[in-house]
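Please open the model in your viewer and keep the sequence panel beside it. The stops below can be selected one after another.

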Amino acid sequence: MAALTDDLLEEIFLRIASPADLARASTACVSFRRLIAGPAFLRRYRSLHPPPLLGFLDPGPGGFQPAEAPHPNAPAARALARGTGFSFDYIPRGRGRHWYPRDVRDGRVLLFCSPDEQGGLVFPDLAVCDPVFRRYLLLPQVPDELLASVQVQKQHVQFFEAFLVPSGVKQEEEASFRVLGRVCCVSKMVVLVFSSGSGHWDVGISESWDALSLSGRPFAEGLMLRWPSCTYGCFYWKVNSRNKLLKLDINRMKFSVIDLPPGYDEMNVVIVETGEGRLGMFSNSSHIHGDAPVYYATRKNEGGSSNEWQMEKTIPLPVNYNCCIVGAPEGCLFLLGVPKNQGTLGPACFSLDIKTLKIERFSQMRLHYCHVYPYFGFPPFMLQRMI
């Protein structure tokens, strides 16, 4: 043992494929735990061994759906469901009755709480939670003076939504996180950023719809941008009814518009990392009917016109289901499957591995959702000042 330096031990531990076995190794002695729990080691480990897909949160209050057998992660998913706090009832209630999931990344859950009555607050209460250890941080309200600095008044805001920024952007510390808020007004869109390090909101960028060539009231109400994909440090929104993507570079805080080939105006589109500096695009019909396959195309990450997208594959879907894309976080594409014969099967969630293009049935779904929030292990590293 004396000959095993920390560098050699790290190389040994990196070759332990199972996170559960790695956790057991960390209990052997203090020196093993110190090495395995170190942020630098965990970053290397996660890059080699992506966290397992364990379940998803549905948009309702406290709804965690674990992976079901015969999925290989089903035993770990059941254990997670039994021992964690996905009910979120330990978080102080905001101005509404329930906390609802808004985004999930790196084991953290972004939640919102709004009044249930019609015409509730545009800016809901927000919290970031670690459900494994039942720790959370309540985010402050967006200050009026911050909005005033970009010529926005709260009563003129049409729409607001928030997302977690992936932890790899700007090489943030493991314990820190950021939340991106998108504020839509009649004439402009403003991006706000909350940092757990500073504890307050800042303005990222303010841009008019006209400058983006995306004008009209539907944009002001936030209705023309679908759920974003996040890849290579950028957010991508598919523009409804147009062959366009809206791109936000998070590091540079700069918007740009990317043209898509003809025929994508009514398609569901998600953008993913494919490696070697290339973007991948998965798409299928935005309507759940018929045997619509998933199409896969790629292009270089920077520059070029719409003609540079190269069609790679047409991916057939499960024969008994009509499927549509409902998300693509952390190396997996998620599909909602509605059975063609309603009498024998219920709706189900399927995962498609982006590298292998293999489709697996993940679990049943209680309702038909247009988006789900997949949860990957293992536990995040939250701020010590979290309760």
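Begin, in this predicted model, with the open sheet of 4 strands, whose order is 3-4-5-6 and whose pairing is antiparallel. Select residues 100-105 for strand 3 and 135-138 for strand 6: these two stand at the edges, and because each has a single partner strand, one side of each is left without a neighbour in the sheet. If you look across the sheet, neighbouring strands are turned by 25 degrees against each other on average, with direction ignored.

Stay with strand 3 and add strand 4, residues 108-113, which runs antiparallel to strand 3 and is joined to it by 5 bridges. Within this pairing, select D103 and then L110 in strand 4, which is the bridge partner of D103.

The next stop is also in strand 3. Show the side chains of R102 and E161, which meet in a salt bridge with an N to O distance of 2.7 Å. This pair links distant parts of the chain, since R102 belongs to strand 3 and E161 to strand 7 (residues 159-165), 59 residues apart. Both R102 and E161 are buried, and for E161 the relative accessible area is 8%.

Keep E161 on display and add R182, which also forms a salt bridge with E161, the closest N and O atoms being 2.4 Å apart. R182 lies in strand 8 (residues 178-184) and E161 in strand 7, so this pair ties together parts that are 21 residues apart in sequence. R182 is buried as well, with a relative accessible area of 0%.

From here, turn to D144 and K154, whose side chains meet in a salt bridge at 3.4 Å, N to O. D144 is in helix 6 (residues 144-148), whereas K154 is in the loop between helix 6 and strand 7, 10 residues apart from D144. K154 is partly exposed, with a relative accessible area of 30%.

For a wider view of such contacts, the structure counts 13 salt bridges. Select E10, E11, R15 and R44 together, which are joined into one network by salt bridges that share partners.

Finish with the cysteines. How many disulfides does the structure hold? It holds 0. C184 is in no disulfide, its nearest cysteine sulfur being that of C185, 7.5 Å away, and C184 is buried at a relative accessible area of 0%. Select C323 and C324 last: the sulfur of C323 has its closest cysteine sulfur in C324, 7.8 Å away, which is too far for a bond. C323 counts as buried, at 3% relative accessibility.

Note on methods: Residues numbered from 1 in each chain as written. Predicted model: local features only at pLDDT ≥ 70, side-chain atom pairs only at ≥ 80, totals over all residues. Heavy atoms only, no water. Disulfide = S-S within 2.5 Å. Buried < 20%, exposed > 50% of the residue type's maximum accessible area, 1.4 Å probe, protein only. Pairing = 2+ DSSP bridges. Axes fitted to C-alpha atoms, helices over the stretch in contact; angles between N-to-C directions. Salt bridge = Lys/Arg side-chain N within 4 Å of Asp/Glu carboxyl O.
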